[in-house]
Each structure stands twice: as structure tokens, then as C-alpha cells.
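Work through the two exercises below with the predicted model open beside you. Each task is followed by a solution that goes step by step.

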Amino acid sequence: MRVEHLINGQPVTGKDYFETVNPATQDVLAEVAAGGEAEVHAAVAAAKAAFPKWAGLPAPERARLVRKLGDLIAAHVPEIAQTETNDCGQVIAQTGKQLIPRAADNFYYFAEMCTRVDGHTYPTATHLNYTLFHPSGVCALISPWNVPFMTATWKVAPCLAFGNTAVLKMSELSPLTAARLGELALQAGIPAGVLNIVHGTGREAGEPLCTHPDVRAISFTGSTVTGNRIVQAAGLKKFSMELGGKSPFVIFDDADLERALDAAVFMIFSNNGERCTAGSRILVQQSIYADFAAKFAARAQRITVGDPLDEKTIVGPMISKGHLAKVRSYIELGSREGATLLCGGLGAPELPERVKGGNYVLPTVFADVDNRMRIAQEEIFGPVACLIPFKDEADAIAKANDIQYGLSSYVWTENLGRAHRVAASIEAGMCFVNSQNVRDLRQPFGGTKASGTGREGGTWSYEVFCEPKNVAISL
Ligand code: NAD
């Protein structure tokens with residue numbers, strides 16, 4: 001199978017092609033057009049040409065088309081979920097039941113919201129000020145390989161709904177479901193040129209897109225290193241940078257231990273541990289540390305590693321051989337740094353025949369981790385948990401914040417005052433109390449420090465996808 005770019009509503013062949021591979025089986029799934037400057041220029045030109053008409057449509061009409069795209073995704077959940085699972089290794093239980101249905105919700109939500117964009121008024125004795133929210137223009141949307149379809153739709157839905165046009169570049173490791181999104185957008189009646197897709201590597205396709213002078217806004221999700229590079233190269237543009245994380249999962253000794261255990265296991269091992277908001281630093285109060293560690297490791301050992309197309313599988317393959325090698329190198333490092341390996345490690349999991357060649361790693365738990373160790377400070381982005389003891393509230397906050405990242409955080413305690421104090425003190429864009437990461441589409445999603453800048457979700461998406469204008473009328 002060949003996958004082409006989508007430019008101005010037409011499939012555009014590549015000068016070159018790259019292969020996308022099933023990380024569970026190593027089967028080549030498709031040859032994908034590899035874009036560069038020429039394709040990026042054509043796609044931006046198409047988006048620019050389509051902008052005035054699309055932006056000028058009445059919001060309810062845009063909303064109708066955007067909602068239709070949501071309907072088409074909802075009607076194709078099993079097919080898209082299977083493609084996503086094959087392309088990126090996220091398990092079918094997640095893609096089929098949560099991630100792809102959530103992608104449809106993104107379109108429903110922003111379709112509704114774009115009809116409700118209102119301004120502000122600031123009347124004074126001499127002037128009436130009011131704000132208008134215009135679309136930003138041509139937007140570059142860049143997506144990583146973990147949960148690719150959900151992340152892409154989280155960008156495409158507000159971008160289009162608010163009247164912008166887009167050039168989407170997916171990760172070269174997981175391009176397939178976005179290609180399907182392009183087809184469905186046309187089927188929904190979204191005009192040619194409104195959503196363009198250029199495939200290719202970051203350097204060849206991503207960089208010319210971000211530096212293109214006609215691109216007004218960049219919504220990027222990916223690593224901190226790449227985010228920094230884009231900000232430096234792109235010059236004056238609007239940015240939303242959703243970057244890496246190493247989020248603290250803080251458990252006090254008065255927490256509901258069973259619920260905390262379930263949530264802690266979920267937040268590090270679901271999505272194969274390839275999750276930006278993973279609770280990868282599990283900070284546990286000393287008085288319950290030994291008990292927690294034993295129970296946590298017992299649960300980790302029971303996790304089913306296997307075929308991502310099997311509904312029972314919790315941990316599937318890592319996205320690529322390169323990423324597998326990176327995750328394994330951190331497991332090696334943990335032992336060298338003096339952490340105690342409670343379970344997992346470098347051994348091979350038992351696997352069904354079909355996926356024996358896959359990029360698998362065992363769910364791994366390190367105890368007695370010092371927060372300054374590299375395994376605690378660096379984003380591993382795999383199913384590797386670090387258990388870190390702490391003394392008291394002050395120590396928990398200090399350790400939680402002793403990190404370059406600030407994406408998500410989790411606090412478990414039955415003490416209401418402490419819950420509020422710690423939530424307020426943790427340096428992160430999000431804090432979940434007695435909860436795993438539960439997403440409300442109105443919430444500001446994003447991080448602080450090296451985890452990024454800007455927020456997306458609800459009215460927060462105005463930051464990148466809308467240009468506010470103040471109109472001041474002399475009275
Ligand atoms: P990555 O930074 O390597 O790549 C992300 C995207 O950027 C890909 O499409 C890639 O092709 C493109 N890219 C690479 N170099 C580029 C350049 N110079 N110019 C423009 N585009 C370029 O990240 P990844 O490995 O694909 O994804 C994993 C990372 O994403 C992790 O750090 C993870 O935490 C982060 N992430 C963050 C969030 C969030 O919401 N904060 C969500 C998911 C993933």
C-alpha cells in the first residue's frame with residue numbers, strides 16, 4: 001500500500017517513500033510519501049488560498065462540517081483503531097474504546113464551541129472597547145507518534161472549527177491514521193485546501209513547515225528538544241508547545257492505598273508507558289513505602305504483555321527498535337545508578353507467536369530511586385516506574401519540583417487541606433488529586449518549565465488558534 005500527501009484535496013505522490021512498520025510484527029504496513037520543501041510550499045499555498053473562504057463561512061456552517069467529520073470518525077472506530085494499533089503499537093483496548101472515540105469527541109466539542117465564541121466588552125466613560133476573535137490563519141500542526149490520531153484531532157478540530165486552515169505533519173513513525181483523517185475530512189465536505197497533510201521526517205518536512213513565512217501559528221506536540229529547536233528556528237509566530245514530562249505521582253500515608261495503587265499502575269504502564277503525562281516518578285511516604293513497593297511490583301508483574309490486537313493486552317510493543325533500545329538503556333542505567341530492580345528488567349517477555357519479533361520490554365519497577373538519578377530526571381517514555389521515598393509534605397513538594405519538567409502531577413491523600421496545599425505548590429500545568437489523568441475537554445491542557453508553553457482545550461485553544469483584536473470606539 002502507498003500513502004500519499006494530501007494537498008489541496010488531491011493525493012500528491014512523493015519523490016521518495018519511506019516505510020512504516022508494525023512494531024509488534026515488523027511487517028511493512030505501507031510506503032509513505034516523504035515530503036520536503038516543495039511539498040510543504042505547495043501545502044501552505046493551498047492552505048493560504050483556502051483560508052479566506054473557510055474563515056468567512058458562518059460558524060454554524062463550519063460547525064456542521066466539523067461535526068460531520070466527527071460522525072465519520074465515530075462510524076469508523078474499529079477500522080481506525082486497528083490501523084492505529086498496527087501502526088504505533090498502542091493496545092486495541094485503548095485505541096478502540098478510548099482514544100479513537102475521543103478523537104470524534106474532539107470534533108463534536110469544537111464544532112459546538114466555535115458557534116459560541118464571544119468577545120469581551122470594556123466600556124469606559126469615553127470609549128467602548130470590545131474584542132473580536134479572528135482565526136490565526138494558516139497553522140502548522142505537528143504530532144508525535146504516541147497516541148497519534150487523538151493528538152492530531154486535538155489540534156485539527158479547534159484549528160478548523162475556529163476558521164483556520166492547516167498543514168498537518170504526523171510523526172514519520174505513525175502516519176497512517178492521519179492519512180485516513182484526510183480522506184474523511186474530504187468526505188465530510190470540508191473544502192479542498194482546508195486540511196493538508198505532508199508526510200516526512202522532522203528535518204525534511206517539519207522544519208520547512210515551521211519556518212514558512214505564511215504559517216502564522218504552530219501547534220506542536222513532541223519532545224522538549226524538538227520544541228526548543230522549532231521555537232528558535234520559526235521566528236515570530238504563535239506557539240503552543242506540548243512537550244515532554246516526568247510527572248510526580250505523590251502518595252501520602254493517609255491515601256486510599258488500593259485506589260492509589262490502581263491509578264499508579266495505570267499512569268505508568270497504560271499506553272505502553274509511552275505517555276507524556278505518565279506518572280513516572282512515584283513518590284511514596286516513607287511510612288508506607290515498603291508495603292506500597294511490594295504491592296506495586298506484584299501488580300506490575302501481573303500485567304499482560306503481548307499482542308496489541310488482543311483485548312487483554314495491557315502493554316504492547318515500543319514504537320521502534322531505536323526507542324526500544326533507549327528504554328532498555330535506561331533499565332541498564334537504573335541498576336548501575338544503584339536503584340533496586342523489583343521486577344521486569346532486560347529479560348524477554350513471553351509472547352504469542354505472531355508478535356515474537358516485536359519491540360517488547362517487560363514492565364519494570366525500580367525501588368530506592370534517588371530523585372537526582374538520571375532514571376528519575378530523564379523522560380524514559382516506556383513502562384519503567386521509579387519509586388522514590390519521601391519524609392513529609394515539604395520533602396514531597398521539594399522532590400516533586402526538583403525536575404526540569406512540569407507537565408502533569410498526581411496527589412493522593414485523604415487530608416483535604418494538604419491536597420489543596422500540595423496541588424498549589426507543585427510546578428506543573430495540571431494536578432490530579434486522588435485521580436488518574438481524566439481529561440475534560442474544557443480544561444487547560446499543557447505544561448510549564450521544560451514541558452512547554454501555551455495551553456490547549458476549551459477557550460484555552462484561542463491562544464494559538466485565534467487572534468484577538470480590540471476595537472475601541474470613541475463615544
Ligand atoms: P519528536 O520531538 O521527536 O517528534 C515530534 C514531531 O516533531 C514528529 O512529527 C517529528 O517528525 C517532528 N519533528 C522532529 N524534528 C523537527 C523539526 N526540527 N522541526 C519540525 N518538526 C520536527 O517527539 P516524538 O519522539 O515523536 O514524541 C515523543 C515526545 O512527545 C515525548 O517527549 C512526549 O512526552 C512528547 N509528548 C508530549 C505531549 C504533551 O501533550 N505534552 C503529548 C504526547 C507526547
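**Exercise 1.** Determine how many bridges join strand 6 to strand 7, and in which relative direction the two strands run; then place the pair within its sheet.

*Solution.* Step one is to examine the pair itself: strand 7, which covers residues 127-135, runs antiparallel to strand 6, and three bridges join the two. For one of the residues involved, P123, the bridge partner in strand 7 is L128.

Step two is to extend the view to the sheet, which is open, contains three strands in the order 6-7-23, and has antiparallel pairing. Strand 6 (121-123) and strand 23 (466-474) each have a single partner strand, so both stand at the edges, and one side of each is left without a neighbour in the sheet. From one strand to the next, the twist averages 20°.

**Exercise 2.** Describe the shell around the ligand: which residues are the closest, which elements give two or more residues, and why does the ligand lie where it does relative to domain 1 and domain 2?

*Solution.* Step one is to list the surroundings: the ligand is surrounded by 31 residues, of which P144, G202, G206, G222 and T226 are the closest.

Step two is to assign elements, and those that give two or more residues to the shell are helix 7 (202-211) and helix 8 (224-234). Helix 7 provides the largest share, with five residues.

Step three is to sort the shell by character, which yields nine nonpolar, 15 polar and seven charged residues.

Step four is to consider the domains: because domain 1 (2-243 + 451-471) and domain 2 (248-433) both give residues to the shell, the ligand lies between them.

Methods. Residues numbered from 1 in each chain as written. Predicted model: local features only at pLDDT ≥ 70, side-chain atom pairs only at ≥ 80, totals over all residues. Pairing = 2+ DSSP bridges. Helix = DSSP H or I, 4+ residues; strand = E, 2+ residues; numbered from the N terminus. Axes fitted to C-alpha atoms, helices over the stretch in contact; angles between N-to-C directions. Near = placed C-beta within 6 Å. Nonpolar A, V, L, I, M, F, W, Y, C, P; charged D, E, K, R; others polar. Domains from an automatic or database assignment.
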